[in-house]
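Please open the structure in your viewer and keep the selection tool at hand. The tour proceeds from one cysteine to its surroundings, and then to the chain as a whole.

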Amino acid sequence: MIPADQAAACEQIVKAYDRDRWLATLLAPEDRRPALFALYAFSSEIARIRETVTQPALGEMRLTWWREALEGARRAEAASHPVAGAALALIDSLHLTPQAFVNLIEARRFDLYDDPVPSLAFLEGYAGETASALFRLAAIALAGGRDPGGAAGAGHAGVAYAITGLLRALPWHAAQGRCCLPADLLARHGLAPADVTGARDTPALRAALAELRAHARRRHDEARAGLGDVARDARPAFAPLALVPLYLKAMEAKDYDPFRTVVDAPQWRKQWSLWRGA
């Protein structure tokens with residue numbers, strides 16, 4: 001059982017830093033929401049480490065603290081941390097192994113550096129340990145700890161969601177000197193990571209982005225096709241997937257500028273898409 005004060009703190013973090021998942025969680029049964037907020041707050045805290053440190057070494061130290069906290073080496077210390085404490089309570093109450101949480105932490109070490117994404121296969125693996133793991137864990141949480149099925153669907157959903165998120169974040173990543181587009185995909189279009197970090201909007205870049213959007217759509221469709229294998233009470237875990245087509249469509253507007261357009265939607269449109277998707 002997650003303490004009420006920790007659950008409330010987690011909800012505020014998700015509402016502030018991962019609003020799409022916060023909106024999606026409101027569609028879940030009320031008694032299951034604290035588990036989802038704990039899960040998403042944990043993910044948000046790990047994802048934001050790069051933005052809160054001045055150098056990668058400090059980020060490495062924070063990630064190590066989180067790993068040790070969830071593996072039990074810092075249990076007493078972690079219990080007093082609102083998010084770490086909630087994550088530990090979630091793991092205990094659902095009889096989960098911490099490994100999925102640890103894998104997410106380790107995957108996020110890549111974010112601390114400016115190394116380009118080497119390949120689409122690498123990106124899919126990264127998405128699998130991060131966004132896909134969240135879909136899977138959320139489904140388990142909604143199912144009360146039992147296996148809800150749909151593991152393959154969660155994998156596809158995470159890839160679609162992560163790629164869409166990276167495409168939306170392209171202006172910010174480029175401004176930071178980061179290229180999160182797969183280097184092998186860029187090379188097929190005669191591009192290099194420097195073309196992205198240099199914010200060079202060319203027909204070749206547009207073609208590369210279109211190919212990556214098409215890949216995200218395929219994974220989205222595969223995930224949706226697999227929802228029939230998911231237990232009914234766990235299906236709200238996949239509600240965030242409904243936002244993928246909404247954002248991908250926005251990137252195909254005539255006035256879309258990959259380095260300047262803020263890809264978003266009014267809250268009512270998001271809520272409508274989430275409600276239909278759930």
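Begin by selecting C180, which counts as buried because its relative accessibility is 10%, under the 20% cut-off. Please note that the model is a predicted one.

Next, add C179 to the selection. Its sulfur is the closest cysteine sulfur to that of C180, and the two are 6.9 Å apart, too far for a bond. A disulfide is a covalent bond between the sulfur atoms of two cysteines. How many disulfides does the structure hold? The count is 0.

Now move to C10. Is C10 buried or exposed? With a relative accessible area of 0%, C10 is buried.

Select helix α8, residues 99-107, as the next stop. Its buried residues are F101, V102, L104, I105 and A107. To see what covers these buried residues, display α3 (33-47), α5 (56-71), α7 (82-93) and α9 (120-142), which are among the covering elements.

Finally, show the whole chain. Its secondary structure consists of 16 helices and 0 strands. Along the principal axes, the C-alpha atoms occupy a box of roughly 55 × 45 × 30 Å. The radius of gyration is 18 Å, in agreement with the value near 19 Å for a compact globule of 278 residues. Of these 278 residues, 51% are buried.

Colour the side chains by charge to close the tour. The chain carries 33 positive and 32 negative side chains, and the centres of the two sets are 5 Å apart. On the accessible surface of about 12,400 Å², carbon and sulfur atoms contribute 54%.

Definitions and conventions:
Residues numbered from 1 in each chain as written. Predicted model: local features only at pLDDT ≥ 70, side-chain atom pairs only at ≥ 80, totals over all residues. Heavy atoms only, no water. Helix = DSSP H or I, 4+ residues; strand = E, 2+ residues; numbered from the N terminus. Rg over C-alpha atoms; globule rule 2.2 N^0.38 Å. Buried < 20%, exposed > 50% of the residue type's maximum accessible area, 1.4 Å probe, protein only. Areas by Shrake-Rupley, 256 points an atom, 1.4 Å probe, with all protein chains shown as cover. Lys, Arg positive; Asp, Glu negative; His and termini not counted. Charge placed at Lys NZ, Arg CZ, Asp CG, Glu CD. Contact = heavy atoms within 4.5 Å. Disulfide = S-S within 2.5 Å.
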